[in-house]
Amino acid sequence: MAKDTRIDRLFSNLGLMTRNQCKKAVKGGGIAVNGEVCRSEAEKVDPDADKVTWDGRPVDTRRFVYYMLNKPAGVITAARDPKSPTVMDYIFDLRTDLFAVGRLDKDTTGLLLITNDGQLGHRLLSPRYHVAKTYEAGISGVLTENDIAALEAGVDIGDDSPTLPAKVRPLNAGGPQSSCDDASGAAQKVLLTITEGRYHQVKRMFEAVGKPVLTLHRSSFGPLELDPALNPGEYREITEDELKQLKKCAQ
Ligand code: URA
């Protein structure tokens, strides 16, 4: 990488101060780059390599960050909302350019990737790469063999074209542990893997076979599996290896 970012722009992108405030902080000698007091707010730095401090404290200036959030229910996938909490309220990072990769409904829980890497985010959502997403749905009713065959082949959910082939795995009694809320009244829990991201797609797919969704939880996104150590509302940075795999699946 290169020294291509002005220090005042960097601090403002990180949400730490405005460019004017940064100018003042520089004047006051409060900002240093690699141990040298910064003399101009126009000084250019390499955010991934230079060591920046503010009043002696290190500043995390990395260009890109990648977080895996276990989204709780009742939270909106948006940067801001006048009425409801949003997923960004859970991320303690002042960067102003963070966004969620894709959208989970307010009542959907589970894995949400949050980053400021626009290029990767865009690729992961592009229909070109068919990134697989697995959901665990608690449904009303029990899928028949015909339902499963229909969901796997592609169903008409009222769009121009039927859904792309999907994978369906009912979690029958005695099967793998489910993370859905048993108090929901769901008759069956089902793992559904899709490679598209249409509006309310999972709910509409189950609706199409007459088995509405009562609970919905995303357990994986591409190569990323939701970390079982994360309680709802908790997040962690993804590992280097996870990032490598994520980049690979959208290449
Ligand atoms: N499909 C849905 O119907 N809802 C979600 O939140 C995600 C996928």
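Buried area is the accessible area that two parts lose on being put together, summed over both. Keep that idea at hand for these exercises, which use a predicted model.

**Exercise 1. Describe how domain 2 and domain 3 meet, starting from how much area they bury between them.**

*Step 1: find the domains.* The domain assignment places domain 2 at 66–127 + 223–249 and domain 3 at 133–221.

*Step 2: look at the area.* Together, domain 2 and domain 3 bury about 1100 Å², and 44% of that is on carbon and sulfur atoms. On the domain 2 side, the residues losing the most area to domain 3 are Asp105, Thr109 and Leu111, which together make up 33% of what that side buries.

*Step 3: count the residues.* Contact involves 18 residues of domain 2 and 10 residues of domain 3.

*Step 4: count the polar links.* Nine residue pairs are in polar contact across this interface. Strands β9 (109–115) and β14 (224–225) each give two or more residues to the domain 2 side, and β9 supplies the largest share, five residues. Sorted by class, that side has 10 nonpolar, four polar and four charged residues.

**Exercise 2. Which side chain does lysine 203 meet in a salt bridge?**

*Step 1: find the partner.* Lysine 203 pairs with aspartate 105, at 2.9 Å from N to O. Two salt bridges are counted between domain 2 and domain 3.

*Step 2: check the surroundings.* Lysine 203 and aspartate 105 are both buried.

*Step 3: place the pair in the chain.* Lysine 203 sits in helix α5 (residues 201–208), while aspartate 105 is in the loop between β8 (99–100) and β9; they are 98 residues apart.

**Exercise 3. Work out which parts of the chain the pair of aspartate 48 and arginine 63 ties together, and say whether each residue is buried or partly exposed.**

*Step 1: confirm the bridge.* The side chains of aspartate 48 and arginine 63 form a salt bridge of 2.9 Å, N to O.

*Step 2: locate both ends.* Aspartate 48 is in the loop between β4 and β5 and arginine 63 in the loop between β6 and β7, so their pairing ties together parts 15 residues apart in sequence.

*Step 3: use the cut-off.* Buried means under 20% relative accessible area. Arginine 63 has 18%, so arginine 63 is buried. Aspartate 48 has 39%, so aspartate 48 is partly exposed.

*Step 4: look for another partner.* Arginine 63 also bridges to aspartate 46, with the closest N and O atoms 3.1 Å apart. Here the two residues are 17 residues apart, and aspartate 46 is buried too.

Methods:
Residues numbered from 1 in each chain as written. Predicted model: local features only at pLDDT ≥ 70, side-chain atom pairs only at ≥ 80, totals over all residues. Heavy atoms only, no water. Domains from an automatic or database assignment. Contact = heavy atoms within 4.5 Å. Buried area = accessible area lost by both parts, 1.4 Å probe. Salt bridge = Lys/Arg side-chain N within 4 Å of Asp/Glu carboxyl O. Polar contact = N/O pair within 3.5 Å; in protein donor to acceptor, adjacent residues only side chain to side chain. Helix = DSSP H or I, 4+ residues; strand = E, 2+ residues; numbered from the N terminus. Nonpolar A, V, L, I, M, F, W, Y, C, P; charged D, E, K, R; others polar. Buried < 20%, exposed > 50% of the residue type's maximum accessible area, 1.4 Å probe, protein only.
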